[in-house]
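Visitor: Hello! I am new to protein structures, and I would like a close look at how side chains meet one another. Could you walk me through it step by step?

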Amino acid sequence: MSLQSFAYFGFLALTALLYLHLPRRAQPPFLLGASWVFYAAAMPAMMPLLLVLCAFIYGCGRGLAGAHKKAFLRLGVLGSLAVLAFFKYVNFLARLLPWGLRLPAVALPLGISFYTFAAISYLVDAARGDCPVERSFLRVALFLSLFATVTQGPICRAGRLLPQFAAEHRFDAARCTRALRLFALGLLKTVAVSDVLGVLVNNIFAHYAEYGGLMLMLGAVGYTLQLYFNFSGYSELARASGLFLGLELPENFKTPLFSTNFSELWSRWHISFSGWLQDYLFTPLVWADVEGLTRGRLRRLPPLLCVFLVFFLSGFWHGSTLPFIIWGLLQAIYRMGEELLHRRFGKPKKRTPALRAWGKRAVVFVLWCIGMVFFRAGTGPNPQPLGAADAVRFLCGCVRALSPARFAGEVYAALYSDFYAHSLMIALYVLFLSAALVFAFWLEYRRCFAYKNKPAELALAAEKHRMLLYWTLTVFILVGFILQSGGFGASGFGMYAGF
């Protein structure tokens, strides 16, 4: 039941209708039951794992209130990481077994990284005293398995979400209007932009060796935009779902493609994950006492080394294959190089001439797209899995055969199949996709520069011609759904659900 499916629309409407009319004490157990129904419908075989993890984290959390706080914290964090590592890397390790030994493949539980990271943040925050130890199993389980966030985030913090579960929630017209705006924006990004763009992008990566440079450039840029609009749109659908229920979930994206440097980009891209890395990995590494490990040579790790380790581990978390590791290394190089430049020439001034600022944005975007080629190679799907060598050949191919005539023919050939096996349909596809991208980018531009990255739904509400924008959103979404029914399907639970 994808968040952009009609089945989910009905599920959300029914859940919100019943939830908002229940007595306060009945609301958390009802919402927990709805969340477990949602997860069981998506991946019934992994439901026992989610239940066991909820019970485990609840028990470790209660142990933090006793005399053995450190022991329960270590048990909870290491146990959660062990479960995550098993499911993410057991298939990779199985391929390394000697003498032809083979183990059955293990399916990756849906959303396991997101609820594991949420669990770790709860335990660490409770141990630090940043949030109280939760005494209700229902609320801990609901925090970990809320249907809006369990598959693809955002990664919530217990100190902000757990108190909301204890409060009473009733229908509020202004809040529901915000939710509708945000839901429409999320559908625009996922249904009308990302899924439609994926038709062309998937073909380019599946047959990259047959295409010229301009087509491969389009593939690299197209995948970057496809992933951004899918993930940010899905995050907005999750936030909108929370608003319908009276819950405020954290923002996960703030127009990162307009960033002028990588520090800024990572503070605006997948914010809940970036913040998690900052608070639970980078900061402990920076302040860790390593005198014993270095025999007194160092007391603290150099900050640049900590930056490298964080991004390397981020790449390894996304996947154990070489393309993901190279992607992580590229992000580390980008950030470390940026820090070294700042040390040499000073940090950039807040007010930069417009031409220079847009030049920086262009450089950051190009470097980000290069990294995304490796990310796509590690992600798939393809008729045959792509490797790091394929990503390198893809990037090298971007500078060959730069013929506009060949490019036009390759775009036509790539789209000429199934639903689009007609010149008129191809022209309509290109026209619709171009218009949807322009409209989506215009909304992003307005949010970034006119409204200083206010929440997306508030930026939309502040526009003068709101009704025209609402009708435009509706038309794009409806056409996007029609195209999906005609030639291809939606991206399941989102392009990031597999991590």
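Guide: Here is a walk through side-chain meetings, with charged pairs at the start and rings, a helix and the backbone after them. Please keep in mind that this is a predicted model.

Let us start with charge. Side chains of opposite charge can pair when their charged atoms come close. How many salt bridges does the structure hold? The count is 15, and a few of them make good examples.

Take Glu264 and Arg268, whose side chains meet in a salt bridge at 2.2 Å, N to O. Both belong to helix α10, which spans residues 262-268, and they are four residues apart, so about one helical turn separates them. A general rule helps to picture this: an α-helix has 3.6 residues a turn, so residues three or four places apart point the same way. Are the two partners buried or exposed? Arg268 counts as buried because its relative accessibility is 9%, under the 20% cut-off. Glu264 is partly exposed, with a relative accessible area of 23%.

Now move along the chain to Arg446 and Glu463, another salt bridge, at 2.9 Å from N to O. This pair links distant parts of the chain: Arg446 is in helix α17 (residues 423-450), while Glu463 lies in the loop between α18 (456-461) and α19, 17 residues apart. Glu463 is buried at 8% relative accessible area, whereas Arg446 is partly exposed at 26%.

For another case, look at Arg170 and Glu168, whose side chains also form a salt bridge of 2.9 Å, N to O. Here Arg170 is partly exposed at 33%, and Glu168 is partly exposed at 46%. Salt bridges can also join up into a group: Arg178, Arg239, Glu248 and Glu457 are linked in a network of them.

One more acidic residue deserves a stop. Glu410 is in helix α16, residues 404-415, and it is buried, with 9% relative accessible area. Its side chain makes a polar contact of 2.6 Å with the side chain of Arg406. If you set aside neighbours within four places in sequence, Glu410 is in contact with Glu210, Tyr211, Gly212 and Met215.

A charge can also meet a ring. The charged end of Arg376 sits over the ring of Phe205, 4.8 Å from the ring centre. In a similar way, Arg344 lies over the face of Phe345, at 5.0 Å from the ring centre.

That brings us to rings meeting rings. A pair of aromatic rings is described by the distance of the centres and the angle of the planes. The model has 47 aromatic pairs. One of them is Phe6 with Phe481, a tilted pair with 4.8 Å between the centres and 35 degrees between the planes. Phe6 is in helix α1 (residues 6-19) and Phe481 is in helix α19 (residues 466-487), so this pair joins distant parts of the chain, 475 residues apart. Phe6 counts as exposed at 60% relative accessibility, but Phe481 is buried at 12%.

Next comes the nonpolar interior. The largest nonpolar core has 155 residues, and those touching the most other members are Tyr122, Phe143, Phe147, Phe375 and Phe394. Helix α8, residues 173-206, gives the most to this core, with 17 residues. Beyond its neighbours within four places in sequence, Phe147 has contacts that include Tyr8, Phe11, Leu31, Phe38 and Leu245.

Phe143 also turns up among the buried residues of helix α6 (residues 137-145). The buried residues of α6 pack against α2, α3, α5 and α7. At the N-terminal end of α6, Ser136 acts as a cap, with a side-chain oxygen 3.3 Å from the backbone nitrogen of Leu138.

Finally, let us look at the backbone. Most residues other than glycine have a negative phi, and most peptide bonds are trans. In the loop between α6 and α7 you find Pro154, and the peptide bond leading to it from Gly153 is cis, with omega near 5 degrees. The loop between α17 and α18 holds Lys452, whose phi is positive, near 50 degrees. Asn453 lies in the loop between α17 and α18 as well, with a positive phi near 60 degrees. Lys452 is exposed at 67% relative accessible area, whereas Asn453 is buried at 16%.

How values were computed:
Residues are numbered from 1 along each chain as its sequence is written. This is a predicted model: local features need pLDDT of at least 70, side-chain atom pairs count only at pLDDT 80 or more; totals for chains, interfaces and linings use all residues. Side-chain values use heavy atoms; hydrogens and water are left out. Rings of Phe, Tyr and Trp (its six-membered ring) pair if their centres lie within 6.5 Å; planes under 30 degrees apart count as stacked, over 60 as edge-to-face and the rest as tilted. Helices (H or I, at least four residues) and strands (E, at least two) are DSSP runs, numbered from the N terminus. Buried means under 20% relative accessible area, exposed over 50%, partly exposed in between (1.4 Å probe, protein chains only). A charge sits over a ring if NZ of Lys or CZ of Arg is within 6 Å of the ring centre and within 35 degrees of the ring normal. Contact means heavy atoms within 4.5 Å. A polar contact is a pair of N or O atoms within 3.5 Å; within protein, one must be able to donate a hydrogen and the other to accept it, and residues adjacent in sequence count only if both atoms are side-chain atoms. A nonpolar core is a set of buried Ala, Val, Leu, Ile, Met, Phe, Trp, Tyr and Cys residues joined through side-chain atoms within 4.5 Å. A salt bridge is a side-chain nitrogen of Lys or Arg within 4 Å of a carboxyl oxygen of Asp or Glu.
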